[in-house]
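Here are a few notes to read alongside the model. I hope they help as you look around.

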Amino acid sequence: MSTENEGTEVPPAPSAPPVPVDTPAVSAQAPHGGSAPTAPIPAVPHGAPGASEHASAPAGAPAYASTGAGHGADPYGQGADPYAQSTGAQGSAPEAGWPPPPPATPSYADGGGSGTGGWGSSYQQPAPKPKNGRGGLVAAILVAALVAGGVGGGIGYGLAKNNDDSTGSTTVSAPSASGQVKRASGTVANVAATALPSTVTIEAQSTSGEGGTGTGFVFDTQGHILTNNHVVAEAVDGGKLSATFPNGKKYDAEVVGHAQGYDVAVIKLKNAPSGELKPLTLGNSDQVAVGDSTIAIGAPFGLSNTVTTGIISAKNRPVASSDGSASSKASYMSALQTDASINPGNSGGPLLDASGAVIGINSAIQSSSSGGLGGSGQSGSIGLGFAIPINQAKNVAQQLIKNGKPVYAKIGASVSLEEGTSGAKITEQGASGAAAVESGGPAAKAGLKPGDVITKLDDMVIDSGPTLIGEIWTHKPGDTVKLTYTRDGKTRTTDVTLASREGDS
């Protein structure tokens, strides 16, 4: 299954059409019942690395939840949008009349105008607020509505009070201690209050000025922040990077290491405050069960510090995601699936369990092809979000902090990323003319040959090449796994001790 990256800037609200000063408003026809006429309601507008790890990623991969752009392998034959959007140019001014055309939606946050979006929300300088015209009119309408509502509320309260005074009130008010409400441990409000101060909104900008917005969270007291690779990809080569906490404190940051294949990155705050950082508690993603409650924190469409809830919808979901660029390689994961609302900008943010422990990093979404905002093409949540299990992300983060580069487990064979193979088929030839089965590698030692179709890894069913890659990467080099494969119509099994490959090249 492929997904999309998150990341998008919040488009400006549409303004109302000008109202003639000297022309009285036309009242709507009163209903037959004789009640007062009402104003008509305006019409709604219509709207990666390969397996050998040599195979290239197919188009149509899921999108990242945060910044990024690209296409990856889609084992389920569906496209996906990344969670990030790059900044784009503003559209032309709308014509007068109602409704106005929908505002232009920025593309992927990791910079480029290619792709459909990514795991992060792109940012750009906000347009100056108009001093006159429609913007003021909208504000005036809103204020008038609030004033009218306040008057009505005041009259209603007065009538109710007079009625209570005359007949006796049966209303009971709940007592409160010093105006504060205590929320029990394990409630969403309590978990959010504990986790939010350790969650940051990340802004990444390339040397050309393109960039996006994503999310991250405090990994340790030394100032390391864990996030997605596609969130910070724009700032890797000399760009700018910053992290802002919910209390408004903003710090410049630098990339310590990034793993494109895992879609994990670690950044470090410059001049990190001593003794003030509180790392989030890391849970055990292996113990997560379908139906467990989930809480996601991020900056969907640029709205920082947003909390959403849901459940674990599935485990070990094979996902191939990409940032949408032509040169991008796919990221592969055996993901936690959740229906908690995840949108562009949520990428890199924590997925928490009911106790507040981190069980995953929100990374990708599956979205409808039509897009989310007024048909503009920007993807949004349809209840299919994917997170990198924290057990895997923790191991990758520790590698990055120690060595600056990721280490991948491998079997030393190139597999097809095509659909309909009912497994991971070892190709006849590897990338760039290399052998499909690496000489002296784990697959060769286990007797695997080109044409073999791997159908299981231990007890996990393998239905495609991307599924095999994602499952292998949940292991460490040196681990021994049992592969089940078919050759000439016969099923066989063999033990394979995984080798290692360093870096994303």
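1. Let's begin at a hairpin: strand 20 and strand 21 form one with two residues between them, and aspartate 488 in the turn has a positive phi of about 55°. Strands here are DSSP E runs of at least two residues, and helices are H or I runs of at least four, both numbered from the N terminus.

2. A word on the basis: this is a predicted model, where local features need pLDDT of at least 70, side-chain atom pairs count only at pLDDT 80 or more, and totals for chains, interfaces and linings use all residues. Residues are numbered from 1 along each chain as its sequence is written, and side-chain values use heavy atoms, leaving out hydrogens and water.

3. Back to the hairpin: strand 20 (residues 480-487) and strand 21 (residues 490-497) run antiparallel and are joined by eight bridges; pairing requires at least two DSSP bridges. Threonine 484 has threonine 493 in strand 21 as its bridge partner.

4. Threonine 484 also appears among the contacts (heavy atoms within 4.5 Å) of isoleucine 454, which include Ile411, Leu468 and Tyr485, leaving aside residues up to four places away in sequence.

5. Isoleucine 454, Ile411 and Leu468 are among the residues touching the most other members in the largest nonpolar core, which has 56 residues. Such a core is a set of buried Ala, Val, Leu, Ile, Met, Phe, Trp, Tyr and Cys residues joined through side-chain atoms within 4.5 Å. Helix 4 (residues 390-403) gives this core its largest share, five residues.

6. Finally, look at isoleucine 469 in helix 6 (residues 465-472). Isoleucine 469 is buried at 2% relative accessible area (buried is under 20%, exposed over 50%, partly exposed in between, with a 1.4 Å probe and protein chains only). Its C-alpha lies 9.1 Å from that of proline 318, 151 residues away in sequence.
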